[in-house]
Amino acid sequence: MLSGVCIGTNDLEAAGQFYDALLATIGMSRALTVPRELGYAGADDKITLFVLLPYDRDPATHGNGTQVMFYAANKAEVDAFHAKALALGGSDEGAPGPRDYHPEYYGAYVRDLDGNKLNISVDPSTRKNP
């Protein structure tokens with residue numbers, strides 16, 4: 001069972017501002033703030049996303065082929081997440097829309113301020129009510 005994901009950053013304050021606003025679009029909020037790390041939780045209050053300064057003190061880098069994936073309740077949340085990421089200084093990696101991955105898929109891709117790739121897509125359990 002997956003307990004969480006860590007994303008490295010080179011500027012914890014800027015990353016916190018980015019993720020505070022971005023994750024609010026899908027009902028997540030900051031639940032932990034310590035000197036080198038931030039934690040974000042959903043409605044269940046379980047911290048599943050950590051944004052941190054690397055512990056080895058080397059610069060944070062993004063992985064090629066690595067992405068952090070989030071579920072949205074509907075297409076409007078996908079659109080809002082993507083638009084908010086761009087408004088906050090993130091970059092576009094794929095505008096909201098259907099893809100040929102599987103029937104009824106609707107999602108989008110962005111990169112955060114450090115180049116980490118993020119995906120947002122409609123939760124399969126809610127696809128009947130997009």
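Before I start, one definition: helices and strands here are DSSP runs, numbered from the N terminus. Thanks for coming, everyone. What you have in front of you is a predicted model, so please keep that in mind as I walk through it.

Let's begin with the pocket. The largest one has a volume of about 260 Å³. Which strands each supply at least two residues of its lining? They are strand E4, residues 47-52, and strand E5, residues 67-72. E5 provides the largest share of the lining, with 4 residues. If you want to click along, the residues around this pocket include Leu-2, Val-5, Met-28, Thr-48 and Leu-49. Also on the list are Val-68, Met-69, Phe-70 and Tyr-71, together with Tyr-105, Ser-121 and Asp-123. By character, that lining divides into 9 nonpolar, 2 polar and 1 charged.

Let me stay with one of those lining residues, Ser-121. You will find Ser-121 in strand E8, residues 117-122. Is Ser-121 buried or exposed? Its relative accessibility is 7%, so Ser-121 counts as buried, the cut-off for buried being under 20%. Setting aside residues up to four places away in sequence, Ser-121 touches Phe-70, Tyr-71, Ala-72, Val-78, Tyr-105, Tyr-106 and Gly-107.

Now to the core. In soluble globular proteins, nonpolar side chains tend to be buried together. In this model, the largest nonpolar core has 26 residues, and the members that touch the most others are Tyr-19, Leu-23, Leu-49, Phe-70, Phe-81 and Leu-118. Several elements supply at least two residues each: helix H1 (12-24), strand E3 (37-41), E4, E5, helix H2 (75-87), strand E7 (106-111) and E8. H1 gives the most, with 6 residues.

Leu-23 is a nice place to zoom in. Beyond its neighbours within four places in sequence, Leu-23 is in contact with Met-28, Tyr-40, Leu-49, Phe-70 and Phe-81.

Next, Ile-7, which sits in strand E1, residues 5-8. Ile-7 has a relative accessible area of 3%, so it is buried. Who does Ile-7 contact, leaving aside its neighbours within four places in sequence? The partners are Tyr-19, Leu-49, Phe-50, Val-51, Leu-52, Val-68, Asp-112, Asn-116 and Leu-118. Ile-7 and Leu-53 are 46 residues apart along the chain, and 8.6 Å separates their C-alpha atoms.

On to the aromatics. A pair of aromatic rings is described by the distance of the centres and the angle of the planes. How many aromatic pairs does the structure hold? There are 4. In one of them, the ring centres of Phe-18 and Tyr-19 are 5.1 Å apart and the planes meet at 80°, so this pair is edge-to-face. Phe-18 is buried, at 2% relative accessibility, and Tyr-19 is buried too, at 1%. Another edge-to-face pair is Tyr-101 with Tyr-105, at 4.9 Å centre to centre and 70° between the planes. Here Tyr-101 is partly exposed, with a relative accessible area of 47%, whereas Tyr-105, a pocket-lining residue, is buried at 9%. Phe-18 and Tyr-19 also join Tyr-40 in one aromatic cluster.

Let's finish in the loops. Most residues other than glycine have a negative phi, and most peptide bonds are trans. Two residues to look at here are Asp-45 and Glu-104. Asp-45 has a positive phi, near 65°, and is found in the loop between E3 and E4. Asp-45 is exposed, with a relative accessible area of 64%. Glu-104 has a positive phi near 70° and lies in the loop between strand E6 (91-98) and E7. Its relative accessibility is 57%, so Glu-104 counts as exposed, since the cut-off for exposed is over 50%.

My last stop is Asp-114, in the loop between E7 and E8. How many residues along the chain lie between the positions of Asp-114 and Gly-8, as a separation? They are 106 residues apart, with their C-alpha atoms separated by 7.8 Å. Apart from its neighbours within four places in sequence, Asp-114 is in contact with Gly-8, Thr-9, Asn-10 and His-62.

That's my tour; thanks for listening!

Technical notes. Residues are numbered from 1 along each chain as its sequence is written. Side-chain values use heavy atoms; hydrogens and water are left out. Buried means under 20% relative accessible area, exposed over 50%, partly exposed in between (1.4 Å probe, protein chains only). Contact means heavy atoms within 4.5 Å. On a 1 Å grid over the protein atoms alone, a cavity is a set of points where a 1.4 Å probe fits but cannot get out, and a pocket is an open set with protein on both sides within 12 Å along at least five of seven lines; lining residues have an atom within 4 Å of a point. Grid points are joined across faces, edges and corners, and a volume is the space filled by probe spheres set on the points. Ala, Val, Leu, Ile, Met, Phe, Trp, Tyr, Cys and Pro count as nonpolar, Asp, Glu, Lys and Arg as charged, and the others, Gly among them, as polar. Rings of Phe, Tyr and Trp (its six-membered ring) pair if their centres lie within 6.5 Å; planes under 30 degrees apart count as stacked, over 60 as edge-to-face and the rest as tilted. A nonpolar core is a set of buried Ala, Val, Leu, Ile, Met, Phe, Trp, Tyr and Cys residues joined through side-chain atoms within 4.5 Å.
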